[in-house]
Amino acid sequence: MFRIKITGVFIISLVSVVVASKFLAQKPDFITACKSADRQCLINNFQAFFVEFKDGVPGLKSVGTIDPFRIKRISLKENGNNILSLNVDFTNVVLHGLRNAIINDVDFDPTKLVNKFTLTVPELMMTSDYVMNGRIFALSLNGNGKAQHKLENIKFNIICKLKLREENGFKFTDLDKLRVNVADVSLFQSHWENLFNGQRDLEDSANALFNDNWKELFTVIRPSFSLAVEKVLSDRFRKIFAYIPGSYYFADI
């Protein structure tokens, strides 16, 4: 009889561990179940997410930290434009600054299960390895090495189409589709190392060309840049939404 009790306790403990690994079974105190009409409550929730989960979501190892935010690879392709034609592969990407993101607005429609929000990152620093070929204006580019980028006051508009799922007595708002638009940026500066196989004068000239004409260039690459961000966030959001019950955030689903 004694052995049976010990076995039962072990099985219950094992089940608890398995369930806990599938989703966040305990709602954090800093999250409030908000009515969809209470935008300030929703803003506070998403703002707390960036602050409280900056080092990662407890129990969800597949998404890593928010700050620094690590990405294995980003591809940026922009061809056929008179100003710019580039193919760039970024690898070992590290982003710093997302913990300081400011949630500007949140709009949730519980009937259509659409969540829209805008956020601004005051300063976003990106370091990576890169492989590039193409041209900017009349200057041909071909290089590989290290790259650093700084973006200031970058504003994102994000639309999440969700789908409802009930499991283990919880309601989840799984990600169905995601759309990202980089709406604005007040500064975009870059430094590319080894653009011309060590020809420092050409490298300095190319970097100056990028930075002096950043507004015009960013206008050209913004659609491709938005799509690259969308692909990265789709993967992360899908995992997070499947792990954290939507009923923790939304009271009327």
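Start by selecting aspartate 174, which you will find in strand β6, the stretch covering residues 170–184. Keep in mind as you click around that this is a predicted model. Is aspartate 174 buried or exposed? Its relative accessibility is 12%, so aspartate 174 counts as buried, since the cut-off for buried is under 20%. Now show what surrounds this side chain. Leaving aside residues up to four places away in sequence, aspartate 174 touches Lys161, Leu162, Lys163, Arg165, Phe241 and Ala242. Remember Phe241, because it returns later as a member of an aromatic cluster.

**Step back to the whole chain**

Zoom out and switch to a cartoon view. You should be able to count 4 helices and 7 strands. Follow the chain from the N terminus and the elements come in the order α-α-β-β-β-β-β-β-β-α-α. Along the principal axes, the C-alpha atoms fill a box of roughly 80 × 45 × 30 Å. What share of the 253 residues is buried? The buried residues make up 44% of them. Next, think about contacts between residues at least 6 apart in sequence: 69% of these join residues at least 24 apart.

**Select the cysteines**

Pick cysteine 34 and cysteine 41 and show their side chains. A disulfide joins the two, with 1.9 Å from S to S. A disulfide is a covalent bond between the sulfur atoms of two cysteines. Searching the whole structure turns up 1 disulfide. If your viewer can show torsion angles, look along the S-S bond: the angle is -70°, and the link between cysteine 34 and cysteine 41 is left-handed. Both cysteine 34 and cysteine 41 are buried.

Now add cysteine 160 to your selection. Cysteine 160 is in no disulfide, and its nearest cysteine sulfur, on cysteine 34, is 16 Å away. Cysteine 160 counts as buried because its relative accessibility is 0%.

**Look at the aromatic rings**

Colour the aromatic side chains, and you will have 17 aromatic pairs to explore. Begin with phenylalanine 46 and phenylalanine 117, a stacked pair with 5.4 Å centre to centre and 20° between the planes. This pair links distant parts of the chain: phenylalanine 46 belongs to helix α2 (residues 39–52) and phenylalanine 117 to strand β4 (residues 114–136), 71 residues apart. Both of these phenylalanines, 46 and 117, are buried.

For a second pair, select phenylalanine 90 and tryptophan 192. Their ring centres are 5.9 Å apart and their planes are at 35°, so this pair is tilted. Here too the pair links distant parts of the chain, with phenylalanine 90 in strand β2 (residues 84–96) and tryptophan 192 in strand β7 (residues 187–192), 102 residues apart. Phenylalanine 90 and tryptophan 192 are both buried.

Then select Phe46, Phe108, Phe117, Phe237, Phe241, Tyr249 and Phe250 together, and you have one aromatic cluster. Phe241 is the residue you met at the start, touching aspartate 174.

**Finish at the largest pocket**

For the last stop, turn on the surface and select Arg73, Ile74, Ser75, Leu76, Lys77, Ser224, Leu227, Ala228, Lys231 and Val232, which line the largest pocket. How much space lies in this pocket? The answer is about 200 Å³. Colour the elements around the pocket: β1 (69–78) and α4 (214–243) each supply at least two residues of its lining. Colouring by residue class shows 5 nonpolar, 2 polar and 3 charged residues in the lining.

Definitions and conventions:
Residues are numbered from 1 along each chain as its sequence is written. This is a predicted model: local features need pLDDT of at least 70, side-chain atom pairs count only at pLDDT 80 or more; totals for chains, interfaces and linings use all residues. Side-chain values use heavy atoms; hydrogens and water are left out. A disulfide is a pair of cysteine sulfur atoms within 2.5 Å. Buried means under 20% relative accessible area, exposed over 50%, partly exposed in between (1.4 Å probe, protein chains only). Contact means heavy atoms within 4.5 Å. On a 1 Å grid over the protein atoms alone, a cavity is a set of points where a 1.4 Å probe fits but cannot get out, and a pocket is an open set with protein on both sides within 12 Å along at least five of seven lines; lining residues have an atom within 4 Å of a point. Grid points are joined across faces, edges and corners, and a volume is the space filled by probe spheres set on the points. Ala, Val, Leu, Ile, Met, Phe, Trp, Tyr, Cys and Pro count as nonpolar, Asp, Glu, Lys and Arg as charged, and the others, Gly among them, as polar. Rings of Phe, Tyr and Trp (its six-membered ring) pair if their centres lie within 6.5 Å; planes under 30 degrees apart count as stacked, over 60 as edge-to-face and the rest as tilted.
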